[in-house]
Amino acid sequence: MSTRLNDARILMYSHDSFGLGHLRRCRTIAHALVEDYRGLNVLIISGATIAGAFDYRARVDFVKIPSVIKLRNGEYTSLDRHIDLQDTLKMRRSIIYHTAESFQPDIFIVDKEPMGLRGEVEETLSYLKERGTKLVIGLRDVMDAPQLLEAEWKRNDVLSKIEHYYDHVWVYGPPDFHDPLTGLDVPPTVRDKMDFVGFLQRSKTQSESTSHRTEGDYILITTGGGGDGSELIDDVINAYKADPELTHKALIVLGPYMPGEQRLRFMQNTSDIPHIEIIEFDNRMEDIVAGAKAVVSMGGYNTVCEILSFDKPALIVPRIVPREEQLIRASRASDLGLFDMLLPEDAENPLLMAQALKDLLKRAPPSANGRNLKLDGLENISRRVSEWLQPDDANQGVSVNA
């Protein structure tokens, strides 16, 4: 696709308080857009502590805002414990606003949090709306259990703010998979703005630099950022210890946010298990998923998109607190016959987990269920961007199946 969008600018916001999901989703969309349109520039505002650990294509850059960490109880704290949380939030708000003011984007895409962390993008939304920027909130396929999401959004009057500020609500999933606002009293004006663009397909990075290479067939065990993935890794290790018949190679990726003492414990705990290899982190997870025989994960959005993109048999052991997002996504995918699911309390039983891993090796890939699940999110986003930035010849050079 060679359509030229001279000097068009897209600003993206990713609050990133815990894990890598938001930044990876924004980066995927940004890379697809600059590949489709020469002359388009994308700037991502991110709070991820390791935003700089990823490669960015030409014409994609990021602005790092001070990091805020989400604790397990749902509260926030500054990454730098010497700085007061309110001061950190004030800095973040200011950087976001002044970045938008300097960059002057044609489109502003906000990931998952409509008003940003603690309302930090509302002032920027107000400014950009006044100057005619197209404003988009992107929601993942599953947000949370309806009662939890409703309580959180009611407290902050989020639905009426979406109605006021945003031109479009993109849902990064197909309409027949899950509605992220199901169970909420959504105003018709907000419903009218909703656009189920589809899952965001992934491809191999085609990078020359040495991503991790492992020999032979392996089951990949990934917990995303790794900040809350230690239970799943414990379950896999205990399964290997409990069942001598489990001899298929397992590659465990700990994730960059896994605490140091847990990393050390896992390394020591597996030194006598020849079938397990552990690496800390790889910024090209797409390539590692593509090379796997099967995948074991917690069911975060990006990993699920990778599993579907590369058509890998998968076992999902979802996190169930403090959010139910992974449980809802895994249950729905399991009902559709896409993946196997094991609840955390069952995965804690080493023999049950060992059997699930052995069953996984015989499982058909997701495509075998005949549902023909489309992953056309990036194509659909690309088309919408083209329509907004080139209204006269909206579909020039763009081939998208609606």
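Right after helix α4 in this predicted model, D157 takes on a positive phi, at about 55 degrees. The helix that leads up to this spot, α4, spans residues 146–155. Its buried residues are L149, E152 and W153, and these cover an arc of only 95 degrees around the axis, so they sit on the same side of α4. Turn to the face pointing away from that buried side, and the exposed residues K154 and R155 show up. As for what lies over the buried residues of α4, the cover includes strand β7 (134–140) and helix α5 (158–165).

Further along the chain, there is an open sheet built from 6 strands, with parallel pairing. Reading across, the order goes β12-β11-β10-β13-β14-β15. The edges are held by β12 (276–279) and β15 (340–341), each of which pairs on one side only. At the β15 end, strand β14 (residues 314–316) runs parallel to β15 and is joined to it by 2 bridges. Here L315 stands opposite D340 of β15.

Then there are two helices that cross, α7 (residues 230–242) and α13 (residues 350–360). Their axes come within 8 Å and cross at roughly 90 degrees, which means α7 is roughly perpendicular to α13. On the α7 side, the contact is made by L232, D235, V236, N238, A239, Y240 and A242; α13 brings in P350, L351, M353, A354 and L357. Sorted by class, this contact between α7 and α13 comes to 10 nonpolar residues, 1 polar and 1 charged.

Technical notes
Residues are numbered from 1 along each chain as its sequence is written. This is a predicted model: local features need pLDDT of at least 70, side-chain atom pairs count only at pLDDT 80 or more; totals for chains, interfaces and linings use all residues. Side-chain values use heavy atoms; hydrogens and water are left out. Axes are lines fitted to C-alpha atoms, for helices over the stretch in contact, and angles run from 0 to 180 degrees between N-to-C directions. Helices (H or I, at least four residues) and strands (E, at least two) are DSSP runs, numbered from the N terminus. Angles under 35 degrees count as roughly parallel, over 145 as roughly antiparallel, 65 to 115 as roughly perpendicular and the rest as oblique. Contact means heavy atoms within 4.5 Å. Ala, Val, Leu, Ile, Met, Phe, Trp, Tyr, Cys and Pro count as nonpolar, Asp, Glu, Lys and Arg as charged, and the others, Gly among them, as polar. Buried means under 20% relative accessible area, exposed over 50%, partly exposed in between (1.4 Å probe, protein chains only). The arc is that of the directions from the helix axis to the C-beta atoms. Two strands pair if DSSP finds at least two bridges between them.
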